[in-house]
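Here is a short tour of one protein model. Have the chain open in front of you and follow along.

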Amino acid sequence: MSIDDQLSLWDLLLTKSPDTVVPVEGIVNLNTRPISDYKVRLCYGDLKLIVAMIEDYIKGLDVIKADDIQWSAYYRKKFKDISTKIQEQIEYDYEKAVAKCQKAKSDNSDIGEDAMALAIKRQMKETA
């Protein structure tokens with residue numbers, strides 16, 4: 001999948017997202033004194049976009065770091081776990097959404113191609 005395809009999929013994924021704000025609570029910064037507890041508020045579409053970025057990052061690094069043991073044994077799982085946690089908490093299935101978007105994209109391109117072919121055929125008949 002090219003970067004253009006990924007970007008158009010992101011656009012499709014985001015257009016079907018409600019702008020409901022989702023609270024992310026219980027984030028603790030251990031580096032501050034006193035230790036701080038944060039509450040972050042993100043809209044549903046932003047969380048879906050974060051999941052898409054993580055999944056694309058994983059796919060890209062799978063290619064680049066195919067023989068990197070540290071990537072395969074540790075970091076890949078860390079990133080996948082983050083994506084999975086977000087998806088579970090917002091009741092979202094990235095793979096299912098991508099499949100749905102790809103189907104919609106292919107259905108739309110067929111409709112446009114059919115309309116263009118009909119227009120050309122009609123024009124050819126009128127000029128003949």
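H2 and H3 pack at an angle of about 160°, and their axes lie 9 Å apart. (Axes are lines fitted to C-alpha atoms, for helices over the stretch in contact, and angles run from 0 to 180 degrees between N-to-C directions.) The two helices are therefore roughly antiparallel (angles over 145 degrees). Helices here are DSSP runs of H or I with at least four residues, numbered from the N terminus.

A quick word on the source: this is a predicted model, where local features need pLDDT of at least 70 and side-chain atom pairs count only at pLDDT 80 or more, while totals for chains, interfaces and linings use all residues. Residues are numbered from 1 along each chain, and side-chain values use heavy atoms, leaving out hydrogens and water.

How well does the span of H2 agree with 1.5 Å a residue? Its 21 residues should span 30 Å (1.5 Å times one less than the number of residues), and the end C-alpha atoms of H2 are indeed 30 Å apart.

Now for the inside. The largest nonpolar core (buried Ala, Val, Leu, Ile, Met, Phe, Trp, Tyr and Cys residues joined through side-chain atoms within 4.5 Å) has 14 residues. Val-51 and Ile-86 are among those with the most contacts inside it. Helices H2 (44-64), H3 (69-89) and H4 (94-127) each give two or more residues, and H2 gives the largest share, seven.

Two cysteines count as buried (under 20% relative accessible area, 1.4 Å probe, protein chains only):

| Residue | Relative accessibility |
|---|---|
| Cys-43 | 17% |
| Cys-101 | 4% |

Still, the whole structure has zero disulfides (cysteine sulfur pairs within 2.5 Å).

Notes. Buried means under 20% relative accessible area, exposed over 50%, partly exposed in between (1.4 Å probe, protein chains only). Angles under 35 degrees count as roughly parallel, over 145 as roughly antiparallel, 65 to 115 as roughly perpendicular and the rest as oblique.
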